[in-house]
Amino acid sequence: DRRVQRTRKLLHNALIELIAEKGYESITVQNIIDRANFGRSTFYAHFQDKDDLLLSGMNDLIHSLMDGIERAEPHTDGPLFSASPLFEQASQQPQLYKAIFGRRGIELVVHEFKLHLASHIQEQLESKNKNEIPAEVFGIYLAGALLALLQWWVDDNMPHPPEKMAELFELMALKNKDRG
């Protein structure tokens, strides 16, 4: 139903605008429905609470990021994936990425993205049949390292271009690639 899609999109957009303005923790359902110009019953017909709204919208973002990472070709002698799509998207929407992945970020989204990324890395490692370090251990390590680097970068107002950040991450990941 197009009306349902439109309502959900407007509520999601209101949440994103509010996150960029004042951070996730201080937002209430009332703030969201005021911004989207809907009633409380409309909100609760679609979502249980603001976390439910956040995760439903962030799943699209996470899948978009993962799709970009999976489609991007890593350097032939580089790590298991390219970090370029992540840094590129963050540079295009700095306020949003700072609100989500920054020091005061939204733990729900960071955790979900880390699990998706770690799973992707684990699949790549298992296909290469290397086993010095268990694939699930190396996957969560590398995903955590990438997110820590992204957090520093967005919190420090992106002091390097996204291409440079991806290159630096890939250099650091390359040093550990053959252990996974």
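Is Asn157 buried or exposed? Asn157 comes out as exposed, at 59% relative accessibility, and the first close-up below goes there. Before that, two notes on reading the views. The model is a predicted one, in which local features need pLDDT of at least 70, side-chain atom pairs count only at pLDDT 80 or more, and totals for chains, interfaces and linings use all residues. Residues are numbered from 1 along each chain as its sequence is written, and side-chain values use heavy atoms, with hydrogens and water left out.

**View 1. Asn157 and Met158 sit in the loop between helix 8 and helix 9.** Start with Asn157: its phi is positive, about 60°, although Asn157 is not a glycine. Next comes Met158, another residue other than glycine with a positive phi, this one near 50°. As for the word "exposed", it stands for over 50% relative accessible area, while buried means under 20% and partly exposed is in between (1.4 Å probe, protein chains only).

**View 2. The whole protein is built from 9 helices and 0 strands.** Helices here are DSSP runs (H or I, at least four residues), strands are runs of E with at least two, and the numbering goes from the N terminus. Walk along the sequence and you read α-α-α-α-α-α-α-α-α. If you boxed up the C-alpha atoms along the principal axes, you would need roughly 55 × 35 × 25 Å. The protein has 180 residues, and 42% of them count as buried. How much of the contact joins residues at least 24 apart? Taking contacts between residues at least 6 apart in sequence, the share is 64%. A contact, by the way, means heavy atoms within 4.5 Å.

**View 3. Helix 5 packs against helix 8.** Helix 5 covers residues 84-92 and helix 8 covers residues 135-155. Their axes are 11 Å apart and meet at an angle of about 25°, which makes helix 5 roughly parallel to helix 8. The axes are lines fitted to C-alpha atoms, for helices over the stretch in contact, and angles run from 0 to 180 degrees between N-to-C directions. Angles under 35 degrees count as roughly parallel, over 145 as roughly antiparallel, 65 to 115 as roughly perpendicular, and the rest as oblique. The crossing of helix 5 and helix 8 is right-handed, meaning that the near helix is turned clockwise from the far one by less than a right angle (anticlockwise would be left-handed).

**View 4. Zoom in on the residues where helix 5 and helix 8 touch.** From helix 5 come Leu86, Phe87, Ala90 and Ser91, and they meet Leu146, Leu149, Leu150 and Trp153 of helix 8. What kinds of residues make up this contact, nonpolar, polar or charged? The split is 7 nonpolar, 1 polar and no charged. For that sorting, Ala, Val, Leu, Ile, Met, Phe, Trp, Tyr, Cys and Pro are nonpolar, Asp, Glu, Lys and Arg are charged, and the others, Gly among them, are polar.

**View 5. Val29 is a buried residue of helix 2.** Helix 2 takes in residues 29-36. Val29 has a relative accessibility of 11%, so it counts as buried. Leaving out residues up to four places away in sequence, Val29 touches Arg40, Phe43, Tyr44 and Lys50. Leu11 is 18 residues from Val29 along the chain, and their C-alpha atoms are 10.0 Å apart.

**View 6. Glu17, Glu21 and Arg35 form a network of salt bridges.** Side chains of opposite charge can pair when their charged atoms come close. To count as a salt bridge, a side-chain nitrogen of Lys or Arg must be within 4 Å of a carboxyl oxygen of Asp or Glu. Arg35 pairs with Glu17 at 3.0 Å, N to O. That pair links distant parts of the chain, with Arg35 in helix 2 and Glu17 in helix 1 (residues 2-22), 18 residues apart. Arg35 also pairs with Glu21, at 2.9 Å. Glu21 is in helix 1 too, so this bridge ties together parts that are 14 residues apart in sequence. Arg35 is partly exposed at 34%, Glu17 is partly exposed at 39%, and Glu21 counts as exposed at 52%.

**View 7. Glu167 and Lys164 make a salt bridge within helix 9.** Their N to O distance is 3.9 Å. Helix 9 spans residues 162-177, and the two residues are 3 apart in it, so about one helical turn separates them. Both are partly exposed: Glu167 at 40% and Lys164 at 35%. By the salt-bridge rule, the count comes to 5.
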